Amino acid sequence: MIFGFYPLFAKNFPLNYLTVENISKSYGELTLFENISFSVHKDQKIAFVAKNGTGKTSILNILSGDDTADSGDVIFRKDINVSFLSQDPKFDEKRTIEDTILASDNPILKVISNYEKALLNPEDTDTYQAAFDAMEHHQAWDFETLYKQVLFKLKLENLDHKVSTLSGGQKKRLALANALINKPDLLVLDEPTNHLDLEMIEWLESFFAKENITLFMVTHDRYFLERVCNEIIELDEGQLHSYKGNYSYYLEKRDARIEQQAVETGKAKQLFKKELDWMRRQPKARTTKSKSRIDDFADIKHRAHQRRNDHEVQLELNMERLGSKILEFHKVSKAYKDKTILDGFNYMFQKGERVGIIGKNGTGKTTFLNILTETAKPDSGKVITGDTIKFGYYTQNGITIKPEQKVIDVIREFGDYIPLKKGKQISAQQLLERFLFSRKKQYDFVEKLSGGERKRLYLCTVLIQNPNFLILDEPTNDLDIVTLNVLESFLLDFPGCVIVVTHDRYFMDKVIDHLLIFKGDGVIEDFPGNYTDYRVYEDSQPVITKTSEGKKDKQSWKKNEVSKLSYNEEKELKNIESKLKSLAFDKKELENKFHNPELSQDDINKLSAELQKIIDTIETKEERWLELSSMLED
């Protein structure tokens with residue numbers, strides 16, 4: 001690795017902060033990437049996108065110096081300040097939060113620390129004056145404001161707490177605070193939104209929007225990509241592709257690139273057939289021209305046989321039948337010491353409900369899930385589970401790794417053959433292939449998998465047990481965008497109940513029908529709509545007062561609108577609006593598939609049938625929406 005000054009060749013050329021030249025990385029026979037190059041310039045906010053297991057974290061580790069490339073160079077401009085945020089930050093466990101932050105090399109933090117100590121001893125006027133003068137000299141007042149704002153927003157106000165007492169999420173937030181407070185010229189981030197609640201994520205978005213920090217990050221948070229990044233670099237099939245725009249621009253241009261690639265491969269196949277025929281007929285005596293044509297044949301053959309590894313995760317597993325009784329909460333209460341989680345909570349789940357659970361960290365979301373699945377007991381009240389309910393619980397803990405256990409062995413614990421719909425079955429090997437694990441990968445040790453691959457394998461173990469009530473606790477952490485899109489499509493078609501706890505707003509907007517908002521102190525609000533709907537509603541509320549029962553009054557979303565619908569009808573109306581958005585998205589994606597020139601007539605017929613089904617569903621839901629809307633206007 002080379003750290004040094006990278007020269008500028010033109011007066012107005014963007015200031016170069018980082019250049020990566022032809023780096024490669026392999027682990028034994030596994031080649032992650034070869035000869036990839038890119039650069040980062042001042043004011044760029046770049047997201048690095050790739051499938052799980054293709055080397056995203058390895059590249060970040062090479063940039064930070066925690067790992068080395070097998071070949072190639074990494075060149076940083078010598079006069080810039082660089083900060084790194086890893087997935088697993090390391091700290092001195094004996095230090096306090098304050099000591100950890102002050103241990104950085106930023107001299108202004110030392111000035112602020114001396115000033116705050118001087119404030120504790122106002123009688124020592126000489127020390128106070130010296131500390132005050134130092135604050136003036138270094139213009140540290142604004143920096144102190146930033147320092148306190150970052151700690152407050154990331155819920156790290158208890159500066160005397162030891163690092164050893166912090167949870168994994170708190171340590172990740174401490175590492176993020178350290179990186180932000182240092183005000184680096186270049187900030188390299190690995191999944192910065194993991195372990196942040198929704199309020200923190202939205203604050204971080206606005207922070208990056210106004211601060212002059214150059215970013216290079218790996219993240220699966222698509223709204224974060226949309227609102228923060230101005231360029232996306234994608235590693236796809238071993239090649240780097242750059243898109244100078246946000247996530248929407250990337251999707252549009254990526255689809256166009258893949259479509260163009262398919263057209264070019266089709267042309268190469270036609271040319272290959274022609275050249276193959278010529279090769280078989282050519283005379284033994286070769287002219288200079290024919291030798292050149294023979295040399296070109298190898299390149300044509302390579303282009304004609306290019307195939308994208310875009311196999312989708314096919315989730316057509318068999319779901320257990322749901323009975324009439326699903327899950328009921330009757331006056332359920334739960335508290336830990338002085339902290340109330342549930343306070344006389346009542347709720348009856350209906351068939352096909354898709355519930356999103358949101359709230360600040362520490363408001364009891366995970367405790368609620370544990371009570372729901374009977375891994376924790378309420379202090380009072382009853383939780384009644386229907387006889388036919390079979391939970392599939394995807395927890396944040398992930399898969400338990402056994403020493404020298406292979407991927408295929410994990411699945412075979414559930415059987416050599418897995419039941420599918422309509423009485424069909426597939427082998428454990430075939431199932432893993434549908435979850436993007438090749439036959440070769442199936443015989444890798446689980447401990448060698450990337451974080452995202454382990455999460456995908458864990459998701460597979462949850463779904464193959466044929467649950468009819470899915471509980472997903474932060475399912476999007478460490479999953480790549482390809483897998484997330486497929487999981488979303490599966491959940492939209494899943495006929496059972498779904499509960500999702502996630503900070504991924506894009507995922508929630510696409511999948512869920514309504515929200516349970518954990519406000520703290522046992523207050524849980526039931527909101528009919530997705531997360532974006534809820535944000536619109538919250539922003540429209542100038543004043544929120546508490547009723548005598550301690551619950552918050554809701555004012556109408558729309559000015560001067562008096563609802564004549566029942567609560568269930570209002571809920572249905574919002575659910576329809578949410579579902580129509582998802583259906584419109586699915587319709588567009590399906591229509592794009594017709595552009596593939598290699599579609600057979602059978603493929604076209606199947607796609608046409610799927611499209612007609614979506615169109616019919618849209619029409620049915622639009623009719624019901626109009627019916628409910630007209631009742632509002634009567």
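# Exercises on strands, helices and a salt bridge

Strand β20 (residues 514-520) and β21 run antiparallel and are joined by 5 bridges. Two strands pair if DSSP finds at least two bridges between them. Helices (H or I, at least four residues) and strands (E, at least two) are DSSP runs, numbered from the N terminus. The model is predicted: local features need pLDDT of at least 70, side-chain atom pairs count only at pLDDT 80 or more, and totals for chains, interfaces and linings use all residues. Residues are numbered from 1 along each chain as its sequence is written, and side-chain values use heavy atoms, with hydrogens and water left out.

## Exercise 1: the sheet around β20

Find the bridge partner of I517 in β21, then give the strand order of the open sheet of 6 strands and explain what is special about β15 and β21.

Solution.
1. Start at I517. Its bridge partner in β21 is E525.
2. Now list the strands. The order is β15-β18-β19-β13-β20-β21, and the pairing is mixed.
3. Look at the ends. β15 (391-394) and β21 (523-527) each have a single partner strand, so one side of each has no neighbour in the sheet.
4. Add the twist. It averages 15 degrees from one strand to the next. Axes are lines fitted to C-alpha atoms, for helices over the stretch in contact, and angles run from 0 to 180 degrees between N-to-C directions.
5. Place the helix. α14 (residues 451-463) lies across β15 and β18 (469-473) and runs at about 170 degrees to β15. Contact here and below means heavy atoms within 4.5 Å.

## Exercise 2: α5, α6 and α7

Describe how α5, α6 and α7 pack in pairs, taking angle and axis distance for α5 with α6, α5 with α7 and α6 with α7.

Solution.
1. Recall the method. Two packed helices are described by the angle between their axes and the distance between the axes.
2. Fix the scale. Angles under 35 degrees count as roughly parallel, over 145 as roughly antiparallel, 65 to 115 as roughly perpendicular and the rest as oblique.
3. Take α5 and α6. Their axes are 10 Å apart, at an angle of about 165 degrees. That makes α5 roughly antiparallel to α6. The crossing is right-handed. A crossing is left-handed if the near helix is turned anticlockwise from the far one by less than a right angle, and right-handed if clockwise.
4. Name the residues. F143, Y147, V150 and L151 in α5 meet A177, L180 and I181 in α6. The contact has 7 nonpolar, no polar and no charged residues. For these classes, Ala, Val, Leu, Ile, Met, Phe, Trp, Tyr, Cys and Pro count as nonpolar, Asp, Glu, Lys and Arg as charged, and the others, Gly among them, as polar.
5. Take α5 (residues 141-153) and α7. Their axes come within 10 Å and cross at roughly 155 degrees. The two helices are therefore roughly antiparallel to each other. L146, Q149, V150 and K153 in α5 meet M200, W203, F207 and K210 in α7. By class that is 5 nonpolar, 1 polar and 2 charged.
6. Take α6 (residues 168-181) and α7 (residues 198-210). The angle is about 15 degrees and the axes are 14 Å apart. That makes α6 roughly parallel to α7. The crossing is left-handed. R173, L176 and L180 in α6 meet M200, W203, L204, F207 and F208 in α7. This contact has 7 nonpolar, no polar and 1 charged residues.

## Exercise 3: the sheet of 3 strands

Work out which strands stand at the edges of the open sheet of 3 strands, and which helix packs on that sheet.

Solution.
1. Write the order. The strands run β12-β11-β14, with antiparallel pairing.
2. Pick the edges. β12 (339-349) and β14 (380-385) each pair on one side only.
3. Add the turn. Neighbouring strands are turned by 20 degrees against each other on average, direction ignored.
4. Inspect one pair. β11 (residues 327-336) and β12 are joined by 7 bridges, and K339 in β12 is the bridge partner of Y336.
5. Find the helix. α11 (residues 365-372) touches β11, β12 and β14, and its direction makes about 130 degrees with that of β11.

## Exercise 4: a hairpin and a salt bridge

Locate the residue with positive phi in the hairpin of β9 and β10, then explain what the R222 and E488 pair ties together.

Solution.
1. Pair the strands. β9 (residues 231-236) and β10 (residues 239-243) are antiparallel over 5 bridges. I233 stands opposite S242.
2. Check the turn. There are 2 residues between the strands, and E237 takes a positive phi near 55 degrees.
3. Apply the salt-bridge rule: a side-chain nitrogen of Lys or Arg within 4 Å of a carboxyl oxygen of Asp or Glu. The count comes to 27.
4. Read the pair. R222 and E488 meet at 2.6 Å, N to O. R222 lies in α8 (residues 222-228) and E488 in α15 (residues 481-493), so the pair ties together parts that are 266 residues apart in sequence.
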